[in-house]
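Here is a short report on one protein chain. Look at the sequence and the model first, then read on.

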Amino acid sequence: ARAPGTYNSLKSELQKVSKNNLMGFVTDLVKVSSPSRMVGLPGHERAAMFLQEKIKELDPKNTGKLEISSSPVDADFIKKFYQTDFEQKLEGKVPRTHPEYQKWLKFTFYMQGLVDKKKDNQVKNIVWEKSGLKADKLLVVTAHYDTISHDKETLAVKESEPMPGANYNASGVAVALGLIQTLAQMDLNYSVRVVFLDWQGIGFYGSQVYAKELKASGKEVMGVVNLEMLGQDTSFFDKTKKNGNMAVYVRDVADELRFVKKLTEHGSKMTQKVAFEMKPNGFENSDNFR
């Protein structure tokens with residue numbers, strides 16, 4: 001192992017994970033889990049096995065520690081989350097007879113029923129950690145590996161239909177795997193933990209479980225970076241018709257803003273092809289919420 005001492009040497013290490021590597025991770029995950037990685041379906045279990053095998057392949061010398069964190073599901077907690085979310089955003093703000101109120105009320109009941117249907121499937125978070133010189137200082141990188149897809153009109157989930165999730169979120173998983181491939185070759189100043197989160201599609205529950213474990217770990221957490229839909233960069237759908245203009249969503253918190261600024265400053269010295277615009281809006285529709 002070695003510790004890159006310059007930006008150029010670090011850049012050369014990063015470039016060993018090619019675009020083809022990342023695309024391969026995406027397509028392999030989608031193939032092995034077809035037609036869906038939704039919790040409780042066979043593809044979900046195959047995806048978890050694929051990730052464990054791939055991590056061992058990318059870190060053949062076991063420079064990091066691989067763990068599977070299995071936890072039972074607290075169905076009441078998740079159902080309460082959906083109920084509270086509905087009450088905070090619609091109750092008393094939108095008339096009960098309004099179509100939007102009825103739509104999201106129906107969605108709330110539907111998701112609570114889905115929780116009961118899936119509650120016997122344990123949460124399986126897959127964790128790879130490489131210790132650094134300062135082992136108790138920890139950077140966490142997360143990406144969820146399950147899929148879910150809602151009907152645009154009814155918001156119901158059609159479990160029998162394909163949910164390949166190439167962008168949502170095999171793209172985030174691919175970058176996390178690429179990070180393991182890179183870090184396995186390096187000495188680190190700080191510990192890095194790469195976490196493949198389960199149960200994102202149902203109440204962001206996998207990240208809730210993990211956040212609780214992380215808080216109890218006693219480690220000094222320098223920050224958490226959640227990778228979500230990193231295949232989204234396209235000029236076709238972009239209002240400015242540009243490529244390479246990605247987004248990093250943060251809370252409007254001073255420490256968090258400084259943390260992201262430092263990350264993007266270092267990143268800009270690796271490549272000018274991609275820039276992350278800081279958007280302090282919280283963004284509650286992903287695992288970072290937890």
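The report goes from the whole chain to its aromatic pairs, one loop residue and some backbone details.

**The whole chain**

This is a predicted model. The chain folds into eight helices and seven strands. Its radius of gyration is 20 Å, close to the 19 Å that the globule rule gives for 290 residues, so the chain is as compact as a globular protein of that length. Along the principal axes, the C-alpha atoms fill a box of roughly 65 × 40 × 40 Å.

How much of the chain is buried? Of the 290 residues, 40% are buried. The accessible surface comes to about 16,300 Å². Carbon and sulfur atoms own 54% of that surface.

Contacts also reach across the sequence. Take the contacts with a separation of 6 or more: 79% of them join residues 24 or more positions apart. Charges come next. The chain has 42 positive and 36 negative charges, and their mean positions are 4 Å apart.

**Aromatic pairs**

The chain has eleven aromatic pairs. One of them joins Phe 81 and Phe 204. The ring centres are 6.1 Å apart and the planes meet at 75 degrees, so this pair is edge-to-face. Phe 81 sits in helix α4 (residues 75-89), while Phe 204 sits in the loop between β4 (190-197) and α7 (205-216). The pair therefore ties together parts that are 123 residues apart in sequence. Both Phe 81 and Phe 204 are buried.

Another pair is Tyr 249 with Phe 283. Here the centres are 4.5 Å apart, with 20 degrees between the planes, and the pair is stacked. Tyr 249 belongs to strand β6 (residues 245-250), and Phe 283 to the segment after β7 (275-280). The two are 34 residues apart, so the pair links distant parts of the chain. Are these residues buried or partly exposed? Tyr 249 is partly exposed at 36% relative accessibility. Phe 283 is partly exposed too, at 25%.

Rings also gather in a group. Phe 81, Tyr 82, Trp 104, Phe 107, Phe 204 and Phe 289 form one aromatic cluster.

**A loop residue and its contacts**

Now find Gln 122, in the loop between α5 (99-118) and β2 (123-130). Gln 122 is partly exposed, with 38% relative accessibility. What does Gln 122 touch, leaving aside its neighbours within four places in sequence? Its contacts are Ser 70, Ser 71, Pro 72, Asp 198 and Trp 199. Asn 21 is 101 residues from Gln 122 along the chain, and their C-alpha atoms are separated by 31 Å.

**Backbone details**

Most residues other than glycine have a negative phi, and most peptide bonds are trans. The table lists four places that depart from this pattern.

| Place | Feature | Angle |
|---|---|---|
| Ser 34 to Pro 35 | cis peptide bond | omega near 5 degrees |
| Tyr 168 to Asn 169 | cis peptide bond | omega about 15 degrees |
| Met 229 | positive phi | phi near 50 degrees |
| Lys 241 | positive phi | phi about 60 degrees |

Where do they lie? Pro 35 is in the loop between α2 (19-33) and α3 (42-58). Asn 169 is in helix α6 (residues 166-183). Met 229 is in the loop between β5 (220-226) and β6. Lys 241 is also in the loop between β5 and β6. Met 229 is partly exposed, with a relative accessible area of 31%. Lys 241 has 56% relative accessibility, so it counts as exposed.

Terms used. Residues are numbered from 1 along each chain as its sequence is written. This is a predicted model: local features need pLDDT of at least 70, side-chain atom pairs count only at pLDDT 80 or more; totals for chains, interfaces and linings use all residues. Side-chain values use heavy atoms; hydrogens and water are left out. Helices (H or I, at least four residues) and strands (E, at least two) are DSSP runs, numbered from the N terminus. The radius of gyration is taken over C-alpha atoms; the globule rule is 2.2 Å times the number of residues to the power 0.38. Buried means under 20% relative accessible area, exposed over 50%, partly exposed in between (1.4 Å probe, protein chains only). Contact means heavy atoms within 4.5 Å. Accessible areas come from the Shrake-Rupley method with a 1.4 Å probe; for residues, only the protein chains shown count as cover. Lys and Arg count as positive and Asp and Glu as negative; His and the chain ends are not counted. The place of a charge is taken as NZ of Lys, CZ of Arg, CG of Asp or CD of Glu. Rings of Phe, Tyr and Trp (its six-membered ring) pair if their centres lie within 6.5 Å; planes under 30 degrees apart count as stacked, over 60 as edge-to-face and the rest as tilted.
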